[in-house]
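Reader: I am new to this structure and would like to go through it piece by piece. Please show it to me before we begin.

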Amino acid sequence: MLAVGDRENMRIKAYYYVGNAPTAVKNVIQQQLMPAVIAYYEAALKVSRATAPIQYSNADAQECAKVDAVDSLKNGINADLVLFITGANEPEKGYVAYASACDIDPTTNRPVVGMINFNYAYGFDKDSFLTYQTQIYTTLHELGHVLGFSSSLYPFFVDPTTNKKLGVANVVKTKTVNGYAGVSVLTLQPLTDRLKTYFNCQELDGAYIEQEGGPGSAGSHFERRIFLNEFMTASDIIDCRVSEFYLALLEGTGWYTPDYSMAEPMFWGKGKGCAFVNSKCVDTTTKQATITDSFCNDLGNIGCTFGAQGYGVCGTNDLTQKDTSMDTAFNYWGDFRKMADSFADNCPYYSFYSGAECRDSSNEPRNLPTGEYFGEESRCFTGTLGVQKALPTTSPMCIKKYCTKVSTNQYNVLLEIAGKNTTCTQEGAISVDGMFGTINCPNPNTFCVSSGLTYCARGCLGRGTCVENKCVCNKGYYGDDCSYRVVVPGEAEPESGPNKTAIGVGAGVGGGALLAIIGFIIAKIKAMQAGGAAGIAGKAAAGNSGAQPGQGADNAV
Ligand SMILES: [Zn+2]
């Protein structure tokens, strides 16, 4: 057997069963999306290679994904993970995709076969930058479950030096936090170590796991309150990030050696100490947010989202919503009022409005008027800035910005507003030549290394080099994260088989699994609420006016 140090880059082989998709959707899945996501994990993870080829019969494949095995798999394929990619057009159903691990290697206990099923009805517009990026994250997330983040796989996590199982008691425990008794904590050493440093909390005992959302979400996602925009939280969210924490979780499985340079930076709660992790987000006596640059107080009003990627509503735009069944630990205001994000322990933060993501150039500037701009270099700022007169109240607005380094750890933020440039040299309100009102400058030295930071998205997926925080893609790839592939006319189709023999999403989603882990479901189903603006579907439907918060409407399984 190979020692841990002899691990090699992971090899993932996908078989496609998506011939029932519209050609454009099929092409996105086969030619762009799956290759990009596979490229990420192949570059980010090293594994002990399987000791024998992965061999699967029709019966095995039927059990995993309700498909037949193609010949190369029947004969045995040299890969470290085999994936069945299936799909169905089910606009009436709320999921975008779901996934499951199906089989583990008998020696290493690592998952070696899995499946992902897509709903063709959502999110396959390659040419819409943000839709495609969202789909990349969704797919990374699904594969993220298959690779290890699943309560069903916790019993198989191993000590990498011996391949002996750690035992569930050494992987996850339950404790009471803020009066809520059901918090699951992943106690994997590599993960805990990084969390202690990140949050600046030495007493931290592990990663809090999502307890909300029923059996599909609870137990197999990071807790939204703690990990807000981490991609393995339970629903779609603006400014999603593949963090060091997920990679550390994978390291903690004992199966993988991650390349942490492939992680994307996180800022939510960073350095805020144990109080951030272990205190209620709203003080039940004062009924005010305890950490005001993370959580908000002006419920129902709009402001910039955390990370300034867009604007949205504080907590909920329907203050009459009550949930008398909520755990009393989350009843901060005493009247059971319910926030829009069902995964965040009922904590209020600025939830993103569909149509209000500053980086999305397809959004229309609002008629404030402020000289608002939507596009890659845009971020959310607050102010009263107006072209003809000052706004009556402070409002969030999307403004084109550039960070410039003036000396070590010293930055200025250049704002381009209606063709005029203004420079933020320090925090505070400033006026803009020829305009009325003011705009609030963030602290440039903080902003430029957090919200305003540009970074190489998803480590350039291993398809390029990161040069001055921008990906320089290898030949044949393009896009800010190199997630687009140049398709050569007439190129061979990847190995494919006929569609699923049965379609349907229900209790039995994901098929069964061998090796006594039959029936586990580690899928993510995103429920798109009718009339809401959840994620991808809502973005197309909602537009700017009357938009609903993007979070909370999704339901992950
Ligand atoms: Zn999920």
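**Questions on the fold**

Author: A starting point is the end of a helix: α5 is followed by Asn200, whose phi is positive, near 55°. The model is a predicted one.

Reader: Which residues of helix α5 are buried, and on how wide an arc do they lie?

Author: Helix α5 spans residues 189-199, and its buried residues are Leu191, Arg194, Leu195 and Phe199. In an α-helix, residues three or four places apart point the same way, because there are 3.6 residues a turn. The buried residues of α5 are on the same side of the helix, since the arc they cover around the axis is only 115°.

Reader: What do the buried residues of α5 pack against?

Author: Their partners include both strands and helices. The buried residues of α5 pack against β10, β11, α8 and α9 (273-278).

Reader: What is the strand order of the sheet that holds β10 and β11?

Author: This is an open sheet of three strands with antiparallel pairing. Its edge strands, β9 (172-177) and β11 (207-209), each pair on one side only. Neighbouring strands are turned by 45° against each other on average, direction ignored. The order is β9-β10-β11.

Reader: Which residue of β11 stands opposite Val185?

Author: Strand β10 covers residues 180-186 and runs antiparallel to β11, with three bridges joining the two. Opposite Val185, in β11, stands Tyr208.

Reader: Is helix α8 largely enclosed or exposed?

Author: Helix α8 consists of residues 244-253, and the buried ones include Glu244, Phe245, Tyr246 and Leu247. Gly254, which follows α8, has a positive phi near 85°. Because 10 of the 10 residues of α8 are buried, the rest of the structure leaves this helix largely enclosed.

Reader: How do the side chains of strand β18 divide between its faces, and which of them are buried?

Author: The side chains alternate along β18, residues 410-417. Gln410, Asn412, Leu414 and Glu416 point to one face and are not buried. Those that point to the other face and are buried are Tyr411, Val413, Leu415 and Ile417.

Reader: Which residue has a positive phi in the hairpin of β17 and β18?

Author: β17 and β18 pair in the antiparallel sense over seven bridges, and Lys401 stands opposite Leu415 in β18. Two residues lie between the strands of this hairpin. The one with a positive phi, near 60°, is Asn409.

Reader: Which residue of β19 is the bridge partner of Leu414?

Author: Strand β19, residues 420-424, pairs with β18 in the antiparallel sense over five bridges. These two strands form a hairpin with two residues between them, and Ala418 in the turn has a positive phi of about 50°. In β19, the bridge partner of Leu414 is Thr423.

Reader: Is Thr404 buried or exposed?

Author: Thr404 lies in strand β17, residues 395-407. Leaving aside neighbours within four places in sequence, Thr404 is in contact with Tyr411, Asn412 and Leu414. Thr404 has 12 other C-beta atoms within 10 Å, and a residue with 12 or fewer counts as exposed, so Thr404 is exposed.

Reader: What distance separates the C-alpha atoms of Thr404 and Thr423?

Author: The two residues are 19 residues apart along the chain. Their C-alpha atoms are separated by 9.8 Å.

Reader: Which residue takes a positive phi in the hairpin of β22 and β23?

Author: Strand β22 (residues 464-467) and strand β23 (residues 470-473) pair in the antiparallel sense over four bridges. Thr465 stands opposite Val472 in β23. The hairpin has two residues between its strands, and the residue with a positive phi near 50° is Glu468.

Reader: Which residues touch the most other members of the largest nonpolar core?

Author: This core has 154 residues. Its largest share, 12 residues, comes from helix α1, residues 23-44. At least three residues come from each of domain 1 (4-148 + 473-526) and domain 2 (378-447). The members that touch the most others are Val37, Tyr41, Phe84 and Ile85.

Reader: How much of the chain counts as buried?

Author: The secondary structure of the chain comes to 11 helices and 25 strands. Among contacts between residues at least 6 apart in sequence, 60% join residues at least 24 apart. Of the 557 residues of the chain, the share that counts as buried is 52%.

Technical notes. Residues are numbered from 1 along each chain as its sequence is written. This is a predicted model: local features need pLDDT of at least 70, side-chain atom pairs count only at pLDDT 80 or more; totals for chains, interfaces and linings use all residues. A nonpolar core is a set of buried Ala, Val, Leu, Ile, Met, Phe, Trp, Tyr and Cys residues joined through C-beta atoms within 7 Å. A residue is buried if 20 or more other C-beta atoms lie within 10 Å of its own, exposed if 12 or fewer, and partly exposed in between; C-beta atoms are placed from the backbone. Domain bounds come from an automatic or database domain assignment. Two strands pair if DSSP finds at least two bridges between them. Axes are lines fitted to C-alpha atoms, for helices over the stretch in contact, and angles run from 0 to 180 degrees between N-to-C directions. Two residues are in contact if their C-beta atoms, placed from the backbone, lie within 7 Å. The arc is that of the directions from the helix axis to the C-beta atoms.
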